Amino acid sequence: MRRAWWKTLLGVVFTALMLFPVYWMFNVSLTKTRDLRLSPPHLFPIDPTFEGYAAVLSQQLPNLGTSLLIGLGCVVLTVVIAAPAAYAISLLNLRGGRPLNFILLVAQMIPAVVMAMGFYAIYVRLGLLNSVAGLILADTTIAVPFGVLLFTAFMSGLPRELLQAARIDGAGAWRVFVSVVMPLSRNSALTVALFAFLWAWSDFVFASTLARNSALKPITLGIYAYIGNNTTQWNAIMATAVVASIPAAILLIVAQRYVAAGVTAGAVKD
Amino acid sequence: MTVSATDRASAMHDDTVAVTVPPERRRSALRQGSRWVAFGFAAPLLVYLVAFYAYPLIRSIDLSIHDYNVRAFVQGDAEFVGLQNYIDVVSAPLFGKALLNTAIFVIGSLVFQYAIGLALAVFFRNSFRLSGVLRALFLVPWLLPLIVSGSTWAWMLNSDNGIVNAALQAFGIGQINWLTSPDTAMTAVVIANIWLGIPFNLVILYAGLQNIPADVYEAAALDGAGAWRQFWSITFPLLRPVSAITLLLGLVYTLKVVDIIWIMTAGGPANATTTLAIWSYREAFGTGQPDLSPAAAVGNILIVIALIFGFLYLRTQRRQEDS
Amino acid sequence: MITRKLRVPIAVAVAAVAAGALAGCAGSSDSGSSGSADTYTWWDPYPQHEEGSDWAERVQACGNEAGVTIERTAYDTTSLTNQALLSAQEGTSPDVILLDNPAVSTLADTGMLTTTEELGLDTSPIDKNLLAAGEIDGETYGIPIGANTLALYYNADILKDAGVDPASITDWASLDAALAGVTAAGHKGITFAGINTEEGSFQFLPWFWGAGADLTALDSPQAVEALELWTGWVKKGYAPNSVIGNSQNTTWEEFLTGDFAFAENGTWQVNSAAGADFATGIIELPALKGGVAPAPTGGEFIIAPVQKDTSRYDTTKRIIDCMTTAEGFVETADTFAYYIPPTSEGQEELLKEHPELETWVSAVQSAKGRTSDNLGTDYPLISEQLWTAVQSALSGAASPQEALAAAQAAAAEATGK
């Protein structure tokens with residue numbers, strides 16, 4: 001009991017240190033423009049202003065919804081593409097599995113800007129410019145190679161006897177995948193889902209190049225409403241980030257609980 | 001299901017002994033069918049890779065072996081110059097500096113991101129009150145668009161009105177020009193990048209730790225091994241495959257980092273924080289005159305560097321599997 | 001089992017995404033083409049003016065006058081040039097772009113812009129110094145919608161406290177004296193933007209040109225003198241160390257704290273200055289030996305990319321004409337606080353409304369385009385070296401002399417001259 005209490009305190013301290021820049025962001029969001037560059041700076045917003053939040057709440061909420069939609073869509077698509085492929089590489093002895101892993105590494109090295117430029121050309125021809133679906137598809141390219149690599153790493157650690165046992169029972173590859181492999185890979189699935197969501201949420205390059213004129217804009221584009229040619233309204237930008245983080249942070253906390261519950265899943269022995 | 005696995009395993013043994021079909025033929029028959037099945041599972045990914053990665057990659061190579069000045073970019077009639085762009089890039093005076101900066105940036109970031117991520121993962125391994133919430137909160141930095149996190153760090157590290165210097169002054173340390181002095185600028189961006197990379201390492205290493213069964217630790221504890229010993233003899237070795245992939249991916253991502261450095265220093269002052277990725281970005285988008293071919297050349301060199309490390313990773317993986 | 005719980009939701013989600021994709025394909029109105037006969041596409045770098053703002057309404061109004069609907073997309077100014085190039089490559093250029101003036105020559109050089117002659121636009125009333133930024137080899141590629149420029153804002157309260165008279169600042173020596181005076185009185189001196197992007201060059205140019213230096217010779221003694229002015233300020237403590245990384249926006253934020261006596265900034269802060277906690281004023285930037293230093297012009301040009309269907313040009317011309325009337329210029333000026341109109345007629349109109357902008361109008365009349373003197377596409381290459389040299393010298397990595405010598409060598413190599 002005493003040990004747990006000590007750990008909680010330490011955990012809070014670590015988290016506070018890690019999140020200090022986030023606190024600073026919150027601090028700036030409440031600071032008047034003329035107080036932004038005070039030297040020495042104030043730890044608390046002494047003379048707070050809510051103009052940033054007023055701007056955000058009146059303008060950015062639809063963008064938040066769009067970002068959420070894009071994030072979730074990206075998660076689904078990423079897992080749908082990556083998990084079966086990883087299954088094939090790690091457990092079905094896919095021919096050329098190793099070179100494929102390699103290619104995935106190379107794929108991740110291509111700078112996002114180069115990807116975006118290439119996509120522009122493709123999307124112009126496919127008519128996918130300025131659409132949410134197109135953006136979801138583009139954002140999956142950030143997470144899919146990572147997803148495959150992670151799934152492969154975890155799935156190859158699964159005990160073969162289990163799978164063979166299921167095969168003996170007459171299960172086909174698909175059945176084994178859905179009923180045996182995926183449940184055991186829940187940790188990695190949630191990890192991949194987490195990253196896919198976070199990367200899609202904070203993407204700017206694809207949104208800027210491919211969806212500028214979309215009716216539904218993600219929040220990363222919405223922020224530019226506060227960036228003029230020569231002037232920037234920082235408290236509004238930071239307020240946007242704060243407001244945008246709240247629903248996503250809640251989602252994160254819920255997801256973590258899912259992983260925490262049944263932590264022994266993945267262990268084979270009883 | 002878990003209990004009966006062992007039962008089934010023994011049952012299977014009995015089966016194979018009784019059956020008369022030669023094992024090789026049976027195995028290859030299974031493999032034949034499974035090859036197509038495997039391909040079926042991987043097909044969406046393969047199509048996806050070809051459609052979405054092949055084209056930009058080919059384009060990048062194409063950009064680098066032609067001379068794409070702005071006019072040629074629009075008109076589409078660039079001159080073929082072979083490897084000239086690569087030669088120009090490698091012999092440019094900035095190349096050595098950029099390479100060194102990249103090495104410092106990557107190694108500095110990776111070492112600390114990994115170490116801190118691992119320490120935190122071990123810390124969180126056994127859940128305690130609030131551990132789930134705290135662990136989730138560690139991911140909040142990733143919710144922020146990079147322009148926000150980059151700007152926040154730039155503000156905190158401002159020489160005159162940054163909170164970091166204010167805190168240091170409270171401790172009697174003089175003003176450090178974090179972002180405006182060529183000596184400390186690299187340290188500043190590395191710190192910001194470490195901060196950005198901790199969540200990634202934490203999440204993956206934590207998930208990896210969860211896959212180490214608890215009874216291994218119990219057995220060790222019964223044998224009298226202390227926490228430190230447990231870490232070095234159990235945790236670290238068993239985490240090796242996960243660590244390897246974490247470090248490799250961390251390397252790939254850190255090599256690509258542009259935004260955080262760009263927002264904080266734009267590669268300055270005096271190229272002190274110009275890494276290869278920043279150089280490539282600046283050539284293409286940072287000046288009024290986009291210089292796309294050298295930018296593509298530098299970008300491709302980065303890909304080659306990553307490939308080399310990828311090879312090393314595969315080599316170690318193969319050796320691990322063989323052992 | 002978790003999979004069973006998730007399987008149905010996953011299937012539903014996949015179906016939803018697929019349906020969304022189909023809907024997206026069908027409903028995506030902007031397929032990237034230049035628009036139908038009734039829709040004209042317009043790009044500008046003002047994302048802060050969203051749908052329903054005065055600016056957006058005005059753009060629509062010009063479209064309606066020309067008999068078409070305008071589909072407007074706002075980019076941030078750093079992405080706009082590259083996006084324009086990308087779309088030109090794909091043949092999907094918009095009908096009208098508002099582009100930062102130094103970038104006009106870059107686009108013009110690629111052959112993707114029409115000339116004002118082709119469109120039949122009349123550029124004779126436009127001030128020559130402002131039109132020059134869009135002139136290459138005798139051809140003009142667009143019309144400036146207004147210009148802003150730099151001046152020296154001062155904190156009247158601090159100057160009064162230090163006993164400095166702003167009217168006495170007429171050359172560099174008197175400016176230095178003023179700075180010495182305010183710092184002796186316990187205030188901070190001056191702040192400006194020395195960042196290693198185009199903004200840094202923009203802020204350095206008035207001093208560069210004010211010393212008599214020329215962009216084709218970055219290592220001249222005059223150029224060195226200009227740079228030494230800045231490095232001297234930082235060394236003596238008149239300017240803070242943060243100027244090395246300051247953008248213009250940051251500079252203004254520093255000024256608004258009320259600690260600084262002077263800030264070099266532009267027309268766009270006029271309203272903010274009026275609303276500050278302290279009394280403010282402006283003086284034109286002084287040249288080395290006295291007189292007004294030529295400052296660079298900011299502001300966008302309205303340009304028309306080449307279209308496959310040349311019959312669109314008539315309507316494009318009407319849209320541009322609507323934006324460039326004298327009243328149109330004044331409206332633009334008011335929207336962007338303050339773009340000084342590029343015609344004398346427009347300027348007079350503006351002064352009738354806002355007589356306090358007299359100093360700014362005068363500053364714009366003495367201002368200079370960065371790409372003028374037929375520098376065109378050489379300017380970005382030279383500018384990159386200039387801001388690098390400035391930052392090198394300010395941060396102490398090299399002496400002003402060395403930094404500028406290196407810059408000139410690199411610029412000469414880059415431009416091939």
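B:W228 is an exposed residue, with a relative accessible area of 64%. It makes a handy starting point for a look at the aromatic rings in this predicted model. Over all chains, the structure holds 58 aromatic pairs. Take B:W228 and B:F231: their ring centres are 6.2 Å apart and their planes meet at 25°, so this pair is stacked.

**Stacking along a helix**

- You'll find both B:W228 and B:F231 in helix α11 of chain B, which covers residues 227–238.
- The two sit three residues apart, or about one turn of that helix.
- Is B:F231 buried or exposed? With a relative accessibility of 14%, B:F231 counts as buried, while its stacking partner B:W228 is exposed.

**A second partner for B:F231**

- B:F231 also pairs up with B:W232, and this time the arrangement is edge-to-face.
- Here the centres are 5.3 Å apart, with 75° between the planes.
- B:W232 is partly exposed, at 44% relative accessible area.

**A cluster in chain C**

- Which residues do ring pairs link into a cluster? They are C:W172, C:F192, C:F204, C:W207, C:F208, C:W230 and C:W233.

**Charges over rings**

- Over in chain B, the charged end of B:R125 sits over the ring of B:Y217, at 4.0 Å from its centre.
- Another case brings in two chains: A:K7 lies over the face of B:F123, 5.3 Å from the ring centre.

Methods: Residues are numbered from 1 along each chain as its sequence is written. Chains are lettered from A and ligands numbered from 1 in the order in which they are written. This is a predicted model: local features need pLDDT of at least 70, side-chain atom pairs count only at pLDDT 80 or more; totals for chains, interfaces and linings use all residues. Side-chain values use heavy atoms; hydrogens and water are left out. Rings of Phe, Tyr and Trp (its six-membered ring) pair if their centres lie within 6.5 Å; planes under 30 degrees apart count as stacked, over 60 as edge-to-face and the rest as tilted. Helices (H or I, at least four residues) and strands (E, at least two) are DSSP runs, numbered from the N terminus. Buried means under 20% relative accessible area, exposed over 50%, partly exposed in between (1.4 Å probe, protein chains only). A charge sits over a ring if NZ of Lys or CZ of Arg is within 6 Å of the ring centre and within 35 degrees of the ring normal.
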